[in-house]
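Here are two short exercises to work through with the model open beside you. Take each one step by step, and try it before reading the solution.

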Amino acid sequence: MAGPVSAGTEGGYDTVLLDIDAADRVATITLNRPERLNAFDRRMCEELAGIWQALRTDDRVHAVVLRAAGERAFSAGLDIKSSYGQPDSIWHHEDPGELLSPKWQKMWKPVVCAVQGICTAGAFYFVNESDVVLCAEGATFFDSHVSAGLVSALEPIGLMRRVGLGETLRIALLGNDERVGAATALRIGLVSEVVPAEQLWARAHEIAATIAAKPPSATQGTVKAIWESLDKPYRAALDQGLIYTRLGNPLGTAELAARGGPAPTEPRIR
């Protein structure tokens, strides 16, 4: 897989890589624990939460690519061989997804997720919270919880919003005994595009750069409005959406006018 040309790697991270392409206004986050199948531990969760918080106010960045190092796995979920460090009181246990999620961190810049290899269990946190998901032809998705004697109760909540109740139950209940391949993932709406593995990173960057070229007030307002609508009744969601158009449209059109209007593009047929 070939990655995008970067303006430089941001330092100080142990479990991830962060690159910011200032020319395309795209940040690329790479899960970087391939020796552990990019499983997340407490350190990765905290680093990702910090990155989401930083990117939300970084004016160099208008869109984000989330990808993973290595060929075997996008992520195997929670690293069961490392202690996540939950409090002794079960009533104060944390959901790791809150730290991993751009939406929990109120980061409304569009996220493009590129999946290769295995994507299982807690890895669905990444897929569920992304705005555009694509995968390599050899990618496989499954939920290993019940096969390990664990209740699958958190990741399916976000998964249902993508693929519906029936597909979510099938994935959750069959555990390790059924893998959702790339073609099926495309059919059920888990991903929106399948590409050869060697094109995955470049295609993810292309999509993110195309989004990033649009007025950020428009794209970020769109992400915020759509995701927040999922938690509201239909009429309340429409009322809030109307408020967001009144707030965001003058900002987005002003950003577009400051550039001299929309740049000519050739639409791509998907």
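Two strands pair if DSSP finds at least two bridges between them. Keep in mind that this is a predicted model.

**Exercise 1. Find the neighbours of strand 3 and say how the chain reaches them.**

*Solution.*
1. Start with strand 2 (residues 16-21), which runs antiparallel to strand 3 and is joined to it by six bridges. One such pairing can be found at Ile-20, whose bridge partner in strand 3 is Ala-27.
2. Look at the link: these two strands make a hairpin with four residues between them, and Arg-25 in the turn has a positive phi of about 60 degrees.
3. Now turn to strand 4 (residues 63-68), which is parallel to strand 3 and also joined by six bridges. Here Ala-27 has Val-64 as its bridge partner.
4. Follow the chain from strand 3 through helix 1 (residues 42-56) to strand 4: this β-α-β crossover is right-handed.
5. Finally, check the covering. In a regular strand, side chains alternate between the two faces of the sheet. In strand 3, Val-26, Thr-28 and Thr-30 lie on one side, Ala-27, Ile-29 and Leu-31 on the other, and all are buried.

**Exercise 2. How far apart are the end C-alpha atoms of helix 4, and where does the helix bend?**

*Solution.*
1. Helix 4 (residues 155-174) has 20 residues, and a straight helix would reach 28 Å at 1.5 Å a residue.
2. Its end C-alpha atoms are only 15 Å apart.
3. Look along the helix for the bend: about 120 degrees at Gly-164.
4. After helix 4 comes Gly-175, with a positive phi near 55 degrees.

Note on methods. Residues are numbered from 1 along each chain as its sequence is written. This is a predicted model: local features need pLDDT of at least 70, side-chain atom pairs count only at pLDDT 80 or more; totals for chains, interfaces and linings use all residues. Side-chain values use heavy atoms; hydrogens and water are left out. Buried means under 20% relative accessible area, exposed over 50%, partly exposed in between (1.4 Å probe, protein chains only). A crossover is right-handed if, with the strands pointing away from the viewer, the path from the first strand over the helix to the second runs clockwise. The expected span of a helix is 1.5 Å times one less than its number of residues. The bend at a residue is the angle between axes fitted to the seven residues ending there and the seven starting there.
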